[in-house]
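Here's a quick briefing to read with the model open. We'll start with one residue's surroundings, then move on to the cores and a ligand site.

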Amino acid sequence: MNITICFDKLDPAPWVQGLQHAFPQAIVTAWVPGAPQADHAIVWAPPQKFIDEQPGLQTLFNIGAGVDALLQLKLPTHLKVVRLDDAGMSVQMAEYVCHAVIRHFREFDGYDSDTQSGKWSYRKPRSRAAFAVGVMGLGVLGERVAKALQVFEFPVNGFSRSPKDLPGIRCFSGAQGLSEFLAATRVLVNLMPLTPETENILNHATLSQLQKGGYLINVARGKHLVEEDLITLIDGGHLAGATLDVFRTEPLPAGHPFWQHPQITVTPHTSARTLREESIAQIVGKIQALQRGEAINGVVDHQRGY
Ligand code: NAP
Ligand code: GLV
């Protein structure tokens with residue numbers, strides 16, 4: 001068996017080492033142009049040249065949950081694209097989103113600025129019942145986030161492409177469901193994949209349907225959000241602010257209005273990081289399952305886009 005590794009920026013060396021350790025008989029290498037044909041590839045944002053030079057590949061293991069960058073390439077239809085299936089990401093995403101929701105709900109930014117100026121002051125407790133959190137995308141990460149939010153007794157709504165029935169979560173789906181979901185939501189958490197259907201879905205028309213004083217947490221992809229529309233709705237007073245982990249251009253360019261906006265919190269695409277050991281273990285398990293002729297989880301549907 002021949003395994004190749006092709007990453008956009010990340011150092012492939014520890015991944016080569018980890019996979020070689022798991023498959024001592026295999027040839028495991030970091031890809032270079034002109035390298036021999038591989039059976040399986042572990043990739044993050046590979047160039048088209050890599051795909052074109054490796055027509056014999058059976059499986060492309062993406063070292064992230066989102067496959068939008070991969071599906072922009074011209075891929076042979078027989079090629080199995082496999083996403084990371086949690087591998088330690090969902091707990092990180094639950095931490096990040098609960099932290100952002102609670103920081104906003106409890107007004108911790110306001111307390112920080114008060115205490116920094118030596119001010120001992122109380123804010124009126126807010127009604128939890130009036131802080132329904134809506135999770136857009138109820139997949140591997142969204143469902144875990146929704147369940148984590150329930151622990152803090154926020155009312156939780158969920159939105160997905162296909163109808164769902166999750167205990168204690170008001171689930172909505174489809175175009176009609178989207179309007180009802182937004183109208184029932186104060187804090188919106190985006191955890192949908194980026195596909196032609198979801199690109200720019202967070203825009204003036206949708207965000208203005210959130211309850212007054214609404215708040216956005218975007219942890220999926222920057223291209224879901226029409227950035228100017230968010231600023232218009234915050235500056236106009238309909239939205240209270242946003243926590244953003246992903247951006248149309250990353251790194252977020254110097255001088256971008258998000259950096260300095262007092263109601264926007266920016267983090268550098270770090271809400272759920274790929275954990276190397278967990279990811280290698282998952283990919284190794286899947287290669288072994290494929291060798292036994294078994295089906296594996298996380299195979300991407302090229303048509304659906306996730
Ligand atoms: P997933 O398991 O594929 O779940 C996607 C969810 O979105 C599903 O519930 C799906 O509905 C729903 N969905 C897809 N298209 C939709 C549409 N047009 N309308 C409504 N709902 C739609 O994905 P995941 O593992 O939870 O990850 C979600 C995304 O998070 C990734 O694609 C990636 O972009 C992002 N992410 C970001 C970070 C970060 O660090 N910021 C880290 C990891 C992942 P169905 O259930 O009906 O199929
Ligand atoms: C990160 O953004 C991922 O898709 O895993």
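Take L19 to begin with: beyond its neighbours within four places in sequence, L19 is in contact with I3, I5, V28, I42, I280 and V284. Bear in mind that this is a predicted model. L19 also belongs to the largest nonpolar core, where it is among the residues that touch the most other members.

**The largest core**
- This core has 50 residues, and L19 shares the top spot for touching other members with I42, V97, L149 and I217.
- Helices α1 (13-22), α4 (89-105), α6 (140-151) and α11 (276-291) each put in at least two residues.
- The strands β1 (2-7), β6 (133-136), β9 (187-190) and β10 (214-218) likewise supply at least two each.
- The top contributor is α4, which gives nine residues.
- Domain 1 (2-87 + 274-291) and domain 2 (89-266) both chip in residues, so the core sits between the two.

**A second core**
- Separate from that one, there's another core of 26 residues, with A184, L207, I231 and L252 among them.

**Around ligand 2**
- The residues surrounding ligand 2 are G64, A65, G66, M89, R221 and H269.
- A polar backbone atom of A65 comes 2.7 Å from an oxygen atom of the ligand.
- For G66, a backbone N or O atom is 2.8 Å from a ligand 2 oxygen atom.
- R221 uses its side chain instead: a polar atom there lies 2.8 Å from an oxygen atom of ligand 2.
- On its own, ligand 2 has 200 Å² of accessible area, and the protein covers 85% of it.

Key. Residues numbered from 1 in each chain as written. Chains lettered and ligands numbered in written order. Predicted model: local features only at pLDDT ≥ 70, side-chain atom pairs only at ≥ 80, totals over all residues. Heavy atoms only, no water. Core = buried A, V, L, I, M, F, W, Y, C linked by side-chain atoms within 4.5 Å. Buried < 20%, exposed > 50% of the residue type's maximum accessible area, 1.4 Å probe, protein only. Helix = DSSP H or I, 4+ residues; strand = E, 2+ residues; numbered from the N terminus. Domains from an automatic or database assignment. Contact = heavy atoms within 4.5 Å. Near = heavy atom within 4 Å. Polar contact = N/O pair within 3.5 Å; in protein donor to acceptor, adjacent residues only side chain to side chain. Areas by Shrake-Rupley, 256 points an atom, 1.4 Å probe, with all protein chains shown as cover.
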